[in-house]
Amino acid sequence: MRKTNNVIKIKDFKVDKGLPFDQEYNFAYLDENTKKMIRRAIIKALCIPGYQVPFASREMPMPYGWGTGGVQVTASCLTKRDTLKIIDQGADDTTNAVSIRNFFKKTSNIKTTEITEKATLIQTRHRIPETPLKKKQIFVYQVPIPEPLAFLEPKVSETIKMHSLSEYGAMHVKLYEDISKNGHIETAYAYPVKTNDRYIMDPSPIPKFDNPKMNNSPAIQLFGAGREQRIYAIPPYTKVKSLDFEDYPFDPFKAEHACDICGSKNTYLDEIIVDDAGNKSFICSDTDFCNKRKNK
Amino acid sequence: MIEVKKVNKSFTLFNQNNAKITVFKNLNFEVNPGEIVALKGPSGIGKSSILKMIYGSYIIDKGAIIINNKNIATLSAQEILKLRKTSIGYVSQFLKVIPRISALDVIMEPLLNSGDNKNNAYKKSIKLLKDLNIEKNLWHLSPLTFSGGEQQRINIARGFIKDLPYLLLDEPTASLDSKNRDIIINLIKAKSNRGVSIIGIFHDEYSRKKLNVREIDLNIETKH
Amino acid sequence: MIIPLLKVTNLSKSYDNIVGCKNISMSLYPGEVLGIVGESGSGKTTLINCLSGNLEPDRGKIIFNINNKETDFLNISESEKRKFIRTDLAFVHQNPRDGLRLNVSAGGNIGEKLMSVGYRHYGNIRSLATKWMNKVEIDKSRIDDLPITFSGGMLQRLQIAKNLITSPNVIFMDEPTGGLDVSVQARVLDLIRSLVNELNLTVIIVSHDLAVIRLLADKMIVMKNGTVIESGLSDQVLEDPQQEYTQLLVSSVLHV
């Protein structure tokens, strides 16, 4: 940086023009002002882990419920040097993942990958990869309902107060109800967590098996809800604790099976019906991890 | 010691053409510790009213009623409540029945409200029920269906269960047969022997004689 | 000299030109039950809502003094106020549905207050909830049932349990038996009466029914057109009413 007459100028840095992309759109679809607005929201969110920052969600070329929040967050973070991975329920090859990946390819011609370790930015729907995330990776979650208190308190004005005053007793009521009905906390996904010992957060509909991965992660975790217009975040190495009772501690449950393809016993499995007779097969939900393990 | 000094009491009935009814003018008398005083006078003269004035249920227009060196007429509601709890007991003419409360509970209540533990309260109440000749199968029933005499005995038990230095009794022996009347008279005597100041309304000569009361004739003591 | 638990000075609240309550002053001491009586439009509901924090008064002071700590209720921050309301006060609504979560089980409703003050042991919460269900005479087998399956009287008893479980310092009750059948009313009143006695609760109860006030309240105030017409010991106000309006009220009550 050069200091000139008490004004600090940032030196020009080399702009990497990258590969040519469809010039009808700005890089990664969103205009720069929108990206600025979203980045501001992201920075605020990172400063207050777990706190829902409202943002002016844009109309995207996919309907609400298809990941518009996640896409906007990804679009705002994407640079030409990034390598992008998109997963949906752990798989890179489902319709959703494919169409979002194509979207970004078309509007930015960015490098993409299916290999978790090679990605610099990962957008996910409803799962965290088995491969541990690294420092400097950005991990973007698609969130349908950002408000963990929504089922108990429909009024937004009231939930805002509850969050700001840490009035979270009602949250435990839900868990209490689970135990009283089912003998254990039944919530299997979107299991509420407390971030940085302060805000209670909905981690998006990931299975509770994945909750521990959020704790103390070296990666930046961002959450985008397009329809509800909220962004929240967990900065690296932040404490994330799943809610529980002293006598009913959190249990990251998974099916008692090994993967039928790669044999792993420690990964989250999808249960698949393989034929008309109803025979079942359990295979890793994380396709990249499964392939890697199989090929070893 | 209870002192009633120059008390005036009247009622103004606003909804009946502001009719004013004077009950007392310049009422004066005293009751010493251990004394049993009987208020005497024809029906309607205001005997029950005197008890109510001393208890704080009626407001006096003029004068003073001194108990424990405190003038009831000038005490705050909170102070009167305290005085009722610690010093003045009142046995009304009729038991106010609350349908689902058992006879035993009715009697235990004043003790429990003063912080007595449940066991002690229970024991004391059972003893009193026995002394008052109430049949055991009635103890856990509500007095709602009791006879007048039985109700009155429960009422008295409730008023007598605590050791209070002042007792106001409104016709305590009215509905009782002679056997039970004697039991009550003995209970009153026992209280008086312990130094309790007692003001009562006793309609029958027998009770008044047996208790060796000092009579206060209201026809003389007040001007109407 | 005992300091009052609650001291109200010159409390006033209007709705534009309509007077809710005007220049109300009163004191409440620990363990006392205060009854507020009045007909429709008397201001009694406005008053109790101001005292419990549901309404913001225009003028006046509300000072709580609990365990030697003074709280100037109208001059604290919103977060302190909400916390104070949560931990020290309770409000029993006339319609129990206003005071319960209908989509949460009976046990969850009773336990919520415990959880909101930090209880985190499921077993303990459940056993305390069961204990309170016994106290309010609801069959403990219904602990997991939803309130939608409860009768009006049961709902009200559930609301009472939910409110009292954390032993609040002041309990406000707004016509707690209004809207219940007569026999059901009697049962709920009995329950309130015995709990108040057993736990030495401090209560402010609003009712248009003099019999309820007579049964439950040590002291009472009579309100009309937003002001206090008369106040004093309940038995004194009811047996020797000094004001014309009070005499009218008392004489209007039918005796069974």
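## A tour that starts on helix H4 of chain B

Select Asn119(B), Asn120(B), Lys123(B), Lys127(B) and Lys130(B): these exposed residues sit on the face of H4(B) turned away from its buried side. Keep in mind as you click around that this is a predicted model.

**Stop 1: the other face of H4(B).** Now colour Ala121(B), Ser125(B), Leu128(B) and Leu129(B), the buried residues of this helix. They lie on the same side of H4(B), because the arc they cover around the axis is only 100°. The general background is familiar: with 3.6 residues a turn, an α-helix has residues three or four places apart pointing the same way.

What do the buried residues of H4(B) pack against? Show H3 and helix H5 (148-160) of chain B, and you have both partners on screen.

**Stop 2: the length and end of H4(B).** Put a distance between the end C-alpha atoms of H4 (residues 118-131) of chain B; they are 20 Å apart. That agrees with the 20 Å that 14 residues should span at 1.5 Å a residue. Just after the helix, pick Asn133(B), where phi is positive, at about 65°.

**Stop 3: from chain B to chain C.** Next, bring up the contact between these chains, in which 17 residues of chain B meet 18 residues of chain C. On the chain B side, select helix H2 (77-86) and helix H3 (103-113), each of which supplies at least two residues. H2(B) gives the most to this side, with 4 residues. Colour the chain B side by class and you will find 9 nonpolar, 5 polar and 3 charged residues.

**Stop 4: from chain C to chain A.** Move on to the contact made by 16 residues from chain C and 15 residues from chain A. On chain C, highlight helix H2 (78-88), helix H3 (106-116) and helix H4 (122-135), which each supply at least two residues to the side touching chain A. Which helix has the largest share of that side? It is H3(C), with 6 residues. By class, this side of chain C holds 4 nonpolar, 8 polar and 4 charged residues.

**Stop 5: chain A as a whole.** Finally, show chain A as a cartoon and trace its 7 helices and 14 strands. Its radius of gyration is 20 Å, close to the 19 Å that the globule rule gives for 296 residues, so chain A is as compact as a globular protein of that length. The C-alpha trace of chain A spans about 70 × 50 × 35 Å along its principal axes. If you colour by burial, 42% of the 296 residues of chain A count as buried.

Terms used:
Residues are numbered from 1 along each chain as its sequence is written. Chains are lettered from A and ligands numbered from 1 in the order in which they are written. This is a predicted model: local features need pLDDT of at least 70, side-chain atom pairs count only at pLDDT 80 or more; totals for chains, interfaces and linings use all residues. Two residues are in contact if their C-beta atoms, placed from the backbone, lie within 7 Å. Ala, Val, Leu, Ile, Met, Phe, Trp, Tyr, Cys and Pro count as nonpolar, Asp, Glu, Lys and Arg as charged, and the others, Gly among them, as polar. The radius of gyration is taken over C-alpha atoms; the globule rule is 2.2 Å times the number of residues to the power 0.38. A residue is buried if 20 or more other C-beta atoms lie within 10 Å of its own, exposed if 12 or fewer, and partly exposed in between; C-beta atoms are placed from the backbone. The expected span of a helix is 1.5 Å times one less than its number of residues. The arc is that of the directions from the helix axis to the C-beta atoms.
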